[in-house]
Structures are given as C-alpha cells and as structure tokens.
Amino acid sequence: MAGSSHDSARRNNLILAICVAAAVACLPLVVKDVYIQNMLVLTLMYAALSQSWNILSGYCGQISLGHALYFGLGAYATLLLFTKFGVLPWFGMIAGGVIAAAVAAAVGYPCFRLKGHYFVIATIVIAEAGLLLMLNWDWAGAAMGIEVPVRGDSWAKFQFARSKLPYFYFALGLALVAWIVTWKIEDSRWGYWWRAVKDNAEAAESLGVVVFRSKMAAAAVSAFLTAVGGGFYAQFVSYIDPESVMSFQFSLLMALPAVLGGIGTLWGPAVGAAILIPITEVTRSYAGGTGKGFDLIVYGLLVMGIALGRPEGIVGAPLRARKRAKAA
Amino acid sequence: MTAEAVIQSLASGLLMGLIYGLVAAGLALIFGLMDVVNFAHGEFLMTSMYAAFGLYLAFALDPLASAPFVAAAMFVFGAVVYLGLVRFAMSASANAGMVQIFATFGLAITMRGLAQLLFTPDYRSIPHSWLGGKTLKVAGIFLPAPQLAGALVSLAAFGALWLVINKTDFGRALEATREDAGAVALVGIDKKRIFALGWGLGGALVGLAGAVLATFFYIYPDVGASFALIAYVTVALGGFGSVFGAFAAGILVGVVEAGTAFILPASLKYLGIYALYLLVVVLRPRGLFGSL
C-alpha cells in the first residue's frame, strides 16, 4: 500500500472507468434492438444500485437486506411529487434521495447497535413494514400503485415513450456517479474508517474511529443513491406499485451483483451486474414463458453456484492471487 | 369491545402462535447448532405442504395422518441439503456469512421455480380433511379444529424434542456440538454426522409444521415466503439458536399478531410482529432468551 504505487493504481482505475463508460456510451451505435437496449438499461441500473448497496454492506460491513425500502421511497417520492404537486422528476429524485437518507439515519439510530443476524433481520423487517404501510396508504395509491401521466417526450419531465436511449444515458450516468462516489470514498478517511468498522468494530473504536457515526454516514450515502435509482426506475417503467418496488426480492436483487462480482470491491458490483442481469433477462424471456419457473431454477442454480464456486467474487479472486504472488 | 372478544382473539392468537413456534423450531435448532440461517426455510415448509397435498391426492391420506411420513421425508431432505450444499458453504474460503445466506437463498429460488414448474402457480387446498371447517366451542370461545390440532401437534413435537435433547445420546451430542464443535471431535463425535442429523431433525420439524398447515392454509409455490419471515423474527426474538426460546417467542408472536388484528385493520396485522421484534432487540440485543 506504499504511496506512489497506490496512487497510480487508483489513477489507473479511474482511467479504466472512464474508458469503460465511454465504450458503453457508444454501444447504442451498434445495438439498435429495443429489447437489448432495455436489458442494457437494467444492467446499468443494477450496477448503480448494487454499487450503492456495496457502500453500506460491502465497505462498512453492515449487511442490509432491506434496501428495497430506500429504492421504493425514491420511486414513490418521485412519482407522488410529480402526480400530486407537479414537481419535476429531477427534483423528485433528489427529494426521494434526501428522504431515504433521513429514513436510513432514523432506522440506523436504533439498529446499528445490533450485530450479525439480528441486524440483517431488522433490515428485512423494517423494509417489510414499509411495504405493508405503502400497501395500505390510500393517498399513495395503496396496492393499486401509481402511474406516470403521459405528458409527451421531454427531458424536463424525464419521460420518453419513443426511445430507450435517454434512459440508457441516465442509467449510465448514475452507474458512473455511484462508481466515482465509491472510488472517492475508498481513499478518504470515511473509507478507511468503514473498512476498520467492518473488520473489527471494537478494535476500531479503541483506535479512535467513531464507529456509530461511520455506520450512519455509510447508510445515508448508500440510501441516497439507492433512492435516486428508485426514482429513475419509476420513470423508466412508468408504473409502480408497492410489490414491484419495495418487495424483499428487490433487496436481494440489489445485493446479488455485488456478491457475485466481489463484495466490498470497487469493480465487483459493475462486473456482477454485467454478468447477472443479461443472464436473468435472457432466461426470463426465452425459458420463462408464463410463470413456468425455468427462469427461477436457472437463477437459483446460478446463485448457488456463485456462492459456492467463487465465495470471494469474480473481482475478489485475482486480488487474492495477486497478494499471494506478492508474498511469494 | 367485550371481554369475550378479547379472550376469543387471545385464544386464536395462542393457537396460531404454537404453530408459528413449530414452524420456527427447525430454523432455531439449525442456527443454534452451527450458526447458519437457512434462507430456504420457507421453501422447506412449502415442500412439506405440497408433500402433504400429494399424499392426500394419491392415497386420500389426511394431512394429520400423513404428517409422520412428511416429517420422515423432510428428515432425509434436510440431511441431503446439508451434505450436498451447506457443508460446502460452511467451508468457503471467504465471506462465509454471505456465502451461507446466498447458497441457501439460491436453493430457495430453485425450489420455488421447481414448484412452479411441477405444480403451476395455482393455489391449492385440501377440500375434505377430517377437521376442515369444524370448530370446537369451549366456554363460549370458538376454536377452529385444524388450528387446535396444529397447536397440539406443536406441543407434542416440542415435548418430544425436549426428550430427545435431554435424554438421548444423540441429544447430548447435539448439545455438546452446539457448545463447542471443535472439542467434540476430541471425544470421538463426528461433527459432520451430528450436523447432518441436526439438519434432518430441523427438516422433520418443518415437515410436521407443513402437514399441519396444509389442513387449513392454501398451498402455492410462494407460500413459504410469509411464514419464513415470521419464522426468522420468531427465532431472533427467542434468542438465536434457543429452540425453546423459539417456542415461547412463537406464542408471543401469535398473540401479538391477533392483538394487532384486533386494534388495526387485519391487513396490517404483521405490523405488530415487526414492531415487537424491533422493540425487543433494541432493548435486548440478544433476543428474549439468547445467552450470547
């Protein structure tokens, strides 16, 4: 971890990220198929979401299986503000992010005292409570959900009926922002504190790390980005209901790319999403049929295989090998 | 709000609570034994319910009669899941906690997909069971017979479990492994064998619960999900790994659920359970009976 090689590794990462983003931005020049464009949007969105999840769960080590709450808050805040008060989705997404960050802090205040499985189950329980409340909140559409009223294609209102490309570029931007936030934080004081908290909270505390505040900060950043993703998703699919944005499944879908790619790594979520989402989308459309379950079987086997075959994730493995090589 | 209505609500909460305890027992047992949360627990339950349903279709066996067979089949299934999957997840070289979560979660998704493929997503129910639709009236309180039978099965199962844990060699080996898995190897106990039997026993318990639930609950591929969350909450409330803590917590959860449904709209009845969980763990971060 000596100064100069560390700095140059970080610079190389940034250059690589910009090159990858530029290459992805050029994809629509060759990919004209709407189905594949749709898949690309989802892949980028999950890369962004998983990157956000990774901040709290990967770097800070507080495994959350309740991020659907923040995702749903973002989606609902954006659509409710637009349909009820005419607030443009851009501001709605930011508002959703702020609300989600506040909720994450409020939730974290009691819950960050909990350890291990007690914490994980608390995150699930709180998200389920949110889902239950949304299902019963008539003003917000209850179980029926809400639809985006069609106002014609425009960037201001962030809706595009004719083309997927604007969504594609926004999702790319979001994924890039989430990556850069992670990249920036990784080398900041917070980043070191988070990893210290993850490795051994007691030891970190005794060395002067403010453990509780570290966890709160990680939760707020993570929830904010997740909610912006939720707001984007609401505009993209133009109809939401509680089950479709706040269910437990979503919490797991957000976590999986990071777990597959390498939890607590800079590139893990993006690599994981790039592999996982196309596979799931393709199996869903070609083998899924009408609720036949093939897609679930393929997906489940994939998850099991990854968990057992690559416990450190795709990106995690070469890092370990490199360390071993260095030690030799 | 008469006293009778309150007692009625408490009584049905108590019956459901005993069944929740039975649903959670296997999860608690496995967690206590080896620190693994089985995220496919709900799908174990779903499989048991389909097994009871299948035995009803094939041999016109009432779920209460087929319960021992379902439990035996689930014993084998539990042991196979340990030997074929969990054993490897536990020896993962990195992120052991996440690997266990996602290995069992992947199993859950696969099982759900298989259920959809084999049985379609349709809701099924057992139309003519011995107790279906019958109620018992005791001192002005109506007790639905299927739930009452379920509660009795739960009591019997916990009684038997107590005997197994306290009075048999296997039970003592289970307790010893739970306390110190490393040390038991020194006295010649095969840790892996105990783990496999523990998963078998956990499977058998959830098998009983599934057969009981099949008498009065709809059977469909996602049925495990809602019960699983209640089971996690129950196990955590009881203090992870304490089987008899899960028993007590199950009763508490059932009563709180019934109480919530009494005060709030029935669609919000789980809210009381969630609030109970958060309240308890915030005040006592090891659950009610945990001794961490």
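Helices (H or I, at least four residues) and strands (E, at least two) are taken here as DSSP runs, numbered from the N terminus. The structure is a predicted model, in which local features need pLDDT of at least 70 and side-chain atom pairs count only at pLDDT 80 or more, while totals for chains, interfaces and linings use all residues. Residues are numbered from 1 along each chain as its sequence is written, with chains lettered from A and ligands numbered from 1 in the order in which they are written.

Chain A first. Its secondary structure comes to 14 helices and 2 strands. The radius of gyration (over C-alpha atoms, set against a globule rule of 2.2 Å times the number of residues to the power 0.38) is 20 Å for chain A, close to the 20 Å given by the rule for 328 residues, so chain A is as compact as a globular protein of that length. Its C-alpha trace spans about 60 × 50 × 40 Å along the principal axes. Half the story is burial: a residue is buried if 20 or more other C-beta atoms lie within 10 Å of its own, exposed if 12 or fewer, and partly exposed in between, with C-beta atoms placed from the backbone. On that count, 50% of the 328 residues in chain A are buried.

Chain B has 11 helices and 2 strands, and from the N terminus on the elements run α-α-α-α-β-β-α-α-α-α-α-α-α. Its radius of gyration is 19 Å, which agrees with the value near 19 Å for a compact globule of 292 residues. Buried residues make up 55% of chain B. Contacts (C-beta atoms, placed from the backbone, within 7 Å) often reach along the sequence: among those in chain B between residues at least 6 apart, 76% join residues at least 24 apart.

Now for where the chains meet. The contact takes 39 residues from chain B and 33 residues from chain A. On the chain B side, helices H3 (63-90), H4 (96-119), H9 (223-238) and H11 (269-283) each supply at least two residues, and H4(B) gives the most, with 14. That side divides into 31 nonpolar, 7 polar and 1 charged residues, where Ala, Val, Leu, Ile, Met, Phe, Trp, Tyr, Cys and Pro count as nonpolar, Asp, Glu, Lys and Arg as charged, and the others, Gly among them, as polar.

The largest nonpolar core (buried Ala, Val, Leu, Ile, Met, Phe, Trp, Tyr and Cys residues joined through C-beta atoms within 7 Å) holds 216 residues, of which A:Ala171, A:Ala175, B:Ala25, B:Val233 and B:Tyr277 touch the most other members. Helix H1 (residues 3-34) of chain B gives the most to this core, with 16 residues. Beyond four places in sequence, A:Ala171 touches A:Val41, A:Leu44, A:Met45, A:Ala48 and A:Phe232.

A few loop residues of chain A round things off. A:Val148 sits in the loop between strand E1 (146-147) and helix H6 (165-186) and is buried, with 20 other C-beta atoms within 10 Å. Its contacts beyond four places in sequence include A:Gln159 and A:Ser238. A:Ser238 lies in the loop between helix H9 (211-237) and strand E2 (239-240) of chain A, with phi near 60 degrees, a positive value in a residue other than glycine. A:Ala142, in the loop between helix H5 (116-136) and E1 of chain A, likewise has a positive phi, near 45 degrees; with 15 C-beta neighbours inside 10 Å, A:Ala142 counts as partly exposed.

Key. Two residues are in contact if their C-beta atoms, placed from the backbone, lie within 7 Å.
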